[in-house]
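Dear colleague,

Please find below the structure I am handing over to you. After it, I set out what was found.

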Amino acid sequence: MEGKPNYKTKQRTQLLDYMKTVPGQHITVNDVCDYLHRQGVSIGQTTVYRQMERMVDEGIVNKYLIDANSPACFEYVPESDHRTEGVCFHCKCEKCGKLIHMTCEALSGIREHLMEDHGFLLDPRRTVFYGVCEACRTA
């Protein structure tokens, strides 16, 4: 991909260092800004969003758009997990709003079935199942 070169700025390094501390978690731009501001780092939301988008383009971070009422979430992708066809799904609790990142072989079968039997290529990173999480069911 051609475009602007990715300069290794101090802010980008701080942002990436933070993302590496929260692998497997879905982080919003507001989460990043709040954390960095608590660390005394002066950085604007626009800068964070731009850097996150660049990291998405580079495959360092995944971006998830769950629904129109939720902000975009970002997740750090460790180098050992860099894949071109990573299969993960999401479950969103309709009571508490919790987003659960799910890698599941059984769900991968749904993707294969849709492709083989219906000619439909499902993007699992953009697939969300809605329901009620275990914590809300047992509360």
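**Nonpolar cores**

In this predicted model, the largest nonpolar core has 20 residues, of which Leu15, Met19, Val32, Val48, Met52 and Phe74 touch the most other members. At least two residues of this core come from each of α1 (10-20), α2, α3 and β2 (73-76). Apart from this core lies another, made up of 6 residues that include Tyr64, Cys88, Leu99 and Val128.

Phe74 deserves a separate entry. Leaving aside residues up to four places away in sequence, Phe74 touches Met19, Gln25, His26, Ile27, Val29, Tyr49, Met52, Glu53, Val56, Val61, Asn62 and Lys63.

**Helices α2 and α3**

Helix α2 (residues 29-38) and helix α3 (residues 45-58) have axes that come within 10 Å and cross at roughly 120°. The two helices are therefore oblique to each other, and their crossing is right-handed. On the α2 side the contact is made by Val29, Asn30, Val32 and Cys33, and on the α3 side by Gln45, Val48 and Tyr49. Sorted by class, the residues of this contact are 5 nonpolar and 2 polar, with no charged residues.

**Met102**

Strand β4 (residues 99-102) contains Met102. Met102 counts as partly exposed because its relative accessibility is 27%, within the range of 20% to 50% used for that class. Not counting residues up to four places away in sequence, Met102 touches Cys88, Phe89, Cys91 and Leu107. Phe89 is 13 residues from Met102 along the chain, and the C-alpha atoms of the two are separated by 5.1 Å.

With kind regards

Methods: Residues are numbered from 1 along each chain as its sequence is written. This is a predicted model: local features need pLDDT of at least 70, side-chain atom pairs count only at pLDDT 80 or more; totals for chains, interfaces and linings use all residues. Side-chain values use heavy atoms; hydrogens and water are left out. Axes are lines fitted to C-alpha atoms, for helices over the stretch in contact, and angles run from 0 to 180 degrees between N-to-C directions. Helices (H or I, at least four residues) and strands (E, at least two) are DSSP runs, numbered from the N terminus. Angles under 35 degrees count as roughly parallel, over 145 as roughly antiparallel, 65 to 115 as roughly perpendicular and the rest as oblique. A crossing is left-handed if the near helix is turned anticlockwise from the far one by less than a right angle, and right-handed if clockwise. Contact means heavy atoms within 4.5 Å. Ala, Val, Leu, Ile, Met, Phe, Trp, Tyr, Cys and Pro count as nonpolar, Asp, Glu, Lys and Arg as charged, and the others, Gly among them, as polar. A nonpolar core is a set of buried Ala, Val, Leu, Ile, Met, Phe, Trp, Tyr and Cys residues joined through side-chain atoms within 4.5 Å. Buried means under 20% relative accessible area, exposed over 50%, partly exposed in between (1.4 Å probe, protein chains only).
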